[in-house]
Amino acid sequence: MKLAVLGGGNGSYAAVGDLALLGHEVSFWRRDRAQFAPVLESRRITVTNIDGRHEAPIAHVTDDIGSAVRDASLIVIPTPAFAQVDIARALAPHLVDGQVIFLPPGTFGSFVMMREIRQAGCTADVSIAETGTLPWLARKHGPTEVAITIRATRLPTGVFPARNSAHAFEILRTAFPSVEPIEDALAGALMNAGPIIHPPLILMNAGPLEHFDAWDIHNEGTQPSIRRVTDALDNERIAIREAAGYRGEHFPLRDHYTSDRWMYGDAHKRLVDSGDWREKIVLTEHRYMTEDIHYGLAFLVSVADWVGVEAPIARGLLAIASAICDKNLRKGERTLGALGLDGLTPAQMQTLLQEGEVR
């Protein structure tokens, strides 16, 4: 299949390398030409995975987004949530009927990007899908190298608008056989693991993170007391999903630590053993804060407000992060209030998610 990958982070490099090795015709776009120069010159990415080291040739490498997505059935955007608006604006003039955009994960970026696309004048019948995590645990090891520790085995995914789900999943499964259809894009957003696993890990490890040159929040940073907070926070996420009317499997995060039923299968030990997550985390600047808390956790708390779930752990962690960052994160731009959706009734929200008519 011809597909495009947008972005320059760990997830984008993993997507390009893995999907190219699987035989897909991959176009790769990144905005920053200077940072992109080594890939533009080599037109390949070196992938290290459980099977060894591989050279993945890239069919098309460009800093022209229109060229990247031309004739692409699937557009994969594994970028942070805070990059989605700019990318949507850049994409809008180039989209055509039938294209599927995949946000792994999305933080309700499916709605946000569709709104930007429509406001830019694009009327193409496109679908935007979002899931609960990146399809890979991966880290870049250089300007043209990425290490993939494990590939996701289950990807619960919702589509915006839901009326396009059958078509979207037909396209998605060609590249990602592990996608599992769920009700809609809000259901997909409420599967996002980042706002559950990362806030307790960075906030409760704030002292070590600011003291040591490098710290592995998934190894020495994952202690029983922190796990209990993570489990309590995830129970709130599940309560929010249930209050919003979602009755399917909720993918409890405890399974990541205790079984092979979660999105990556039995991955925690391999993640720790890789050593790739022993890193310097600048608390106020790292994407665990700027994306998973500023966007993801703030979104979760706003949905809790909308459905009437108390969620004291989520609210408390968001308050602590607000103090650390000296910013009221309850007023963040990815809350239902900021998106103008907090006044919708459940029936109106369901219609929006099904039909995808945004203004």
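Ala, Val, Leu, Ile, Met, Phe, Trp, Tyr, Cys and Pro count as nonpolar, Asp, Glu, Lys and Arg count as charged, and the others, Gly among them, count as polar. Keep these classes at hand for the pocket exercises. The model is predicted.

**Exercise 1. The second largest pocket**

Describe the second largest pocket by its volume, its lining and the classes of its residues.

Solution.
- Step 1: take the volume. It is about 270 Å³ for the second largest pocket.
- Step 2: find the lining. It has 15 residues, and Asp184, Ala244, Tyr246, Pro346 and Gln350 lie nearest the pocket's centre.
- Step 3: look for elements. Helices α14 (292-307) and α16 (346-355) each give two or more residues to this lining. The largest share, 5 residues, comes from α16.
- Step 4: sort by class. The lining has 10 nonpolar, 3 polar and 2 charged residues.

**Exercise 2. The largest pocket**

Describe the largest pocket in the same way, and name the element with the largest share of its lining.

Solution.
- Step 1: the largest pocket holds about 900 Å³ of space.
- Step 2: 43 residues line the largest pocket, with Gly11, Pro78, Leu134, Arg287 and Glu291 nearest its centre.
- Step 3: the elements that give two or more residues to this lining are α1 (10-21), α4 (84-91), β9 (136-142), α8 (194-203) and α13 (287-290). Strand β9 gives the largest share, 4 residues.
- Step 4: by class, the lining of the largest pocket has 20 nonpolar, 14 polar and 9 charged residues.

**Exercise 3. Helix α8 and Ile202**

Why is α8 described as largely enclosed by the rest of the structure? Then place Ile202 within this picture.

Solution.
- Step 1: recall the cut-off. Buried means under 20% relative accessible area.
- Step 2: count. In α8, 10 of the 10 residues are buried, so the helix is largely enclosed by the rest of the structure.
- Step 3: find the cover. It includes α9 (206-211), α10 (224-243), α11 (254-258), α13, α14 and α15 (312-325).
- Step 4: zoom in on Ile202, which lies in α8. Its relative accessible area is 1%, so Ile202 is buried.
- Step 5: list its contacts. Beyond its neighbours within four places in sequence, Ile202 touches Leu209, Ile217, Leu283, Tyr288, Met289 and Ile293.

**Exercise 4. Ile75 in its strand**

Is Ile75 buried or exposed, and which residues is it in contact with?

Solution.
- Step 1: locate Ile75. It sits in strand β6 (residues 74-76).
- Step 2: check the accessibility. At 0%, Ile75 counts as buried.
- Step 3: leave aside its neighbours within four places in sequence. Ile75 is then in contact with Ala4, Leu6, Val69, Leu91, Leu95, Gln99, Val100, Ile101 and Phe102.
- Step 4: try a distance. Ile75 and Leu172 are 97 residues apart along the chain, yet their C-alpha atoms are separated by 9.8 Å.

**Exercise 5. Rings around Phe28**

Follow the ring pairs from Tyr13 to Phe28, and from Phe28 to Phe36.

Solution.
- Step 1: start with the total. The whole structure has 10 aromatic pairs.
- Step 2: take Tyr13 and Phe28. Their ring centres are 5.5 Å apart and their planes stand at 85°, so this pair is edge-to-face. The pair links distant parts of the chain: Tyr13 is in helix α1 and Phe28 is in strand β2 (residues 25-29), 15 residues apart.
- Step 3: move on to Phe36. The rings of Phe28 and Phe36 have centres 4.9 Å apart and planes at 85°, so this pair is edge-to-face too.
- Step 4: check burial. Tyr13 is buried at 0% relative accessibility. Phe28 and Phe36 are both buried.
- Step 5: add a charge. The charged end of Lys140 sits over the ring of Tyr13, 4.2 Å from its centre.

**Exercise 6. Unusual backbone**

Find the cis peptide bonds at Pro105 and Pro161, then compare the surroundings of Arg43 and Phe251.

Solution.
- Step 1: know the rule. Most residues other than glycine have a negative phi, and most peptide bonds are trans.
- Step 2: Pro104 and Pro105 are joined by a cis bond, with omega about -5°. Pro105 lies in the loop between β7 (100-103) and α5 (109-119).
- Step 3: Phe160 and Pro161 are joined by a cis bond, with omega about -5°. Pro161 is in the loop between β11 (155-160) and α6 (165-175).
- Step 4: turn to phi. It is positive for Arg43, near 55°. It is positive for Phe251, near 50°.
- Step 5: compare accessibility. Arg43 is partly exposed at 38%, whereas Phe251 is buried at 5%.

Definitions and conventions
Residues numbered from 1 in each chain as written. Predicted model: local features only at pLDDT ≥ 70, side-chain atom pairs only at ≥ 80, totals over all residues. Heavy atoms only, no water. 1 Å grid on protein atoms, 1.4 Å probe; cavity = no way out; pocket = protein on both sides within 12 Å on 5 of 7 lines; lining within 4 Å. Points joined across faces, edges and corners; volume = space filled by probe spheres on them. Buried < 20%, exposed > 50% of the residue type's maximum accessible area, 1.4 Å probe, protein only. Contact = heavy atoms within 4.5 Å. Phe/Tyr/Trp six-rings, centres within 6.5 Å; stacked < 30°, edge-to-face > 60°. Lys NZ or Arg CZ within 6 Å of the ring centre and 35° of its normal.
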